[in-house]
Amino acid sequence: MPADTTATPQPGDPGEAEDRARLESVTSLAKRRGFVFQSSEIYGGLNAVWDYGPLGVRLRRNVRDSWWRRVVDLREDVEGLECSILMNPQVWVASGHVDTFADPLVDCLGACHMRWRADQLASDRCPNCGGPLSPPRQFNLMFRTFVGPVEDASATVYLRPETAQGMFVNFRNVLQTSRQRLPFGIAQIGRSFRNEISPGNFIFRCREFEQMEMEWFCAPGEDEEWFRYWCDDQREWIRQLGVRDANLRMRPHTPQELAHYARAATDIEYRFPFGWGELEGIARRGDYDLRRHQEVSGKDLTYPDPATGGHTLPVVVEPAVSLERLVITLLLDAYQEEEVRGERRVVLRLAPQVAPYQVAVLPLSKRPELVEPARRLAADLRRQLATDYDETQSIGRRYRRQDEIGTPLCVTLDFDTLSDGAATIRGRDTMDQVRVGLERIGDACRDRLTGASVGGV
Ligand code: ATP
């Protein structure tokens with residue numbers, strides 16, 4: 001698909017029905033194969049809250065590890081942090097969330113009484129029933145709860161709506177214990193909670209989600225350049241996860257939509273079936289957060305500049321993305337239906353480094369003389385590659401299952417294995433088959449997986 005910076009699908013577009021069908025197919029595959037379940041499903045679920053099944057856990061862990069490796073482990077200038085979800089409520093007063101983290105809410109005054117986010121509506125009538133709408137009122141998105149046994153205002157705390165503030169309030173701790181000098185970053189992965197007014201589109205907008213955020217602290221005047229650096233870095237990382245570049249675009253925020261503290265912000269958008277939408281946000285936050293925490297806490301959060309002997313408040317660039325947005329993007333981008341020898345084949349062309357399993361070992365029959373070496377091979381491969389083992393059903397059905405869950409390679413042991421000591425490696429994308437000696441299977445799989453370009457396993 002060519003890059004198109006204007007192509008937000010409109011109702012009635014020829015591609016719209018197809019796009020909707022793709023979203024439905026991916027949603028149903030995710031459930032059927034154990035990627036994503038509705039939370040507490042046996043009780044009817046909880047709106048916009050999701051659980052991740054065996055394959056979803058693997059996919060999420062791969063994406064999470066890849067982010068951490070790129071942003072923290074491979075750099076000497078970024079430190080990791082893990083903060084509590086509950087924090088002193090003053091944090092959210094200082095950050096502005098108590099006063100301003102709100103969306104404009106309108107109620108349908110017609111037949112359906114549905115609630116909508118006013119800033120997402122194209123007209124002043126209810127999109128569901130066409131009824132009139134109430135005037136907008138501000139609705140704070142933070143979940144509230146109480147610390148201790150008394151449920152009053154003085155005991156109110158919030159479930160964090162972003163992980164970022166943990167990095168700001170620990171700025172001094174990290175600076176003092178890590179020996180970092182500007183510019184440097186603090187990164188965190190963890191749960192965030194937002195009581196979204198109109199969640200939906202599968203896991204695109206959830207009420208509980210996992211954020212991966214990094215606060216990059218630099219000297220005043222250097223943030224414009226670092227902003228460009230992190231925009232490029234993150235787009236490149238998303239491409240390396242296997243997302244097609246033609247489905248990505250950078251969208252700078254207009255002055256009207258910029259958060260009050262932000263000097264600039266750009267969204268990395270993906271062309272979702274429901275239109276272009278924010279996958280990741282990169283923002284220049286200036287010194288707003290450190291300044292506010294310094295004011296409200298009364299603690300010195302300046303950076304002692306060894307060169308000048310003076311003290312400055314660093315300015316901040318922040319890339320922020322959620323695992324949920326990445327998972328839905330990867331599933332949608334990888335999903336393909338094709339016709340092979342008159343049969344429909346569903347294949348998830350996930351890049352090998354994010355696929356839940358990299359290889360599956362399949363004995364042609366359940367006879368012990370095949371099962372035993374197959375299990376031995378799987379145990380051996382498992383030490384270096386994410387390996388599935390499956391001996392149920394026909395080989396054709398097992399290939400189709402592995403195609404559907406995105407496993408790049410299958411290794412099949414058949415009765416010839418007993419005489420030639422070899423097995424067949426089958427590629428998910430090309431469906432080619434090569435015979436390789438059992439003792440070389442591990443190396444052959446690894447070579448093929450590391451050499452694989454996206455969609456070319
Ligand atoms: P929106 O405008 O869509 O409400 P936002 O601009 O408030 O989102 P940020 O505060 O910039 O979002 O959040 C940073 C990142 O966290 C987003 O780019 C997205 O990847 C993720 N994110 C935000 N809200 C949600 C949510 N409700 N569900 C899943 N991921 C989310």
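# A walk around the helices, the ligand and two odd loops

The crossing of helix 1 and helix 9 is right-handed. That is a handy place to begin, and keep in mind that you are looking at a predicted model.

**Stop 1: helix 1 and helix 9.** Select residues 16–32 for helix 1 and residues 323–334 for helix 9. The axes of helix 1 and helix 9 are 10 Å apart, and the two pack at an angle of about 110°. That makes helix 1 roughly perpendicular to helix 9.

**Stop 2: bring in helix 2.** Keep helix 9 on screen and add residues 54–73, which form helix 2. How do the axes of helix 2 and helix 9 cross? They come within 10 Å and cross at roughly 115°, so helix 2 and helix 9 are roughly perpendicular to each other. Turn the view to check the handedness: helix 2 passes helix 9 in a right-handed crossing.

**Stop 3: from helix 2 to helix 7.** Now hide helix 9 and select residues 223–240, which is helix 7. Helix 2 packs against helix 7 with their axes 11 Å apart and an angle of about 140°. That angle makes helix 2 oblique to helix 7. The crossing of helix 2 and helix 7 is again one to view from the side, and it is right-handed.

**Stop 4: the ligand and its shell.** Select the ligand and the residues around it; there are 16 of them. Which ones come nearest? Those are Glu 196, Cys 206, Glu 278, Leu 279 and Ser 322. Colour the shell by class and you should find seven charged, six nonpolar and three polar residues.

Next, show the strands. Strand 10 (208–218), strand 13 (275–286) and strand 16 (315–322) each give the shell at least two residues. Strand 13 provides the largest share, with four residues.

**Stop 5: zoom in on the ligand's contacts.** Start with Arg 205: an N or O atom in its side chain is 2.9 Å from an oxygen atom of the ligand. Then click on Cys 206, where the backbone takes over: one of its backbone N or O atoms lies 2.8 Å from a nitrogen atom of the ligand. Finish at Gly 281, which has a backbone N or O atom 3.4 Å from a ligand oxygen atom. Switch on the surface here, if you like: the ligand taken alone exposes 610 Å², and the protein buries 81% of that.

**Stop 6: two unusual spots in loops.** Most residues other than glycine have a negative phi, and most peptide bonds are trans. Here are two places to look at with that in mind.

Go to Pro 183, in the loop between helix 6 (171–178) and strand 9 (184–193). Is the peptide bond from Leu 182 to Pro 183 cis or trans? It is cis, with omega near -5°.

Last, select Asn 201, in the loop between strand 9 and strand 10. Asn 201 is not a glycine, yet its phi is positive, at about 55°.

Key
Residues numbered from 1 in each chain as written. Predicted model: local features only at pLDDT ≥ 70, side-chain atom pairs only at ≥ 80, totals over all residues. Heavy atoms only, no water. Near = heavy atom within 4 Å. Polar contact = N/O pair within 3.5 Å; in protein donor to acceptor, adjacent residues only side chain to side chain. Areas by Shrake-Rupley, 256 points an atom, 1.4 Å probe, with all protein chains shown as cover. Nonpolar A, V, L, I, M, F, W, Y, C, P; charged D, E, K, R; others polar. Axes fitted to C-alpha atoms, helices over the stretch in contact; angles between N-to-C directions. Parallel < 35°, antiparallel > 145°, perpendicular 65-115°, else oblique. Left-handed = near helix turned anticlockwise from the far one by under 90°.
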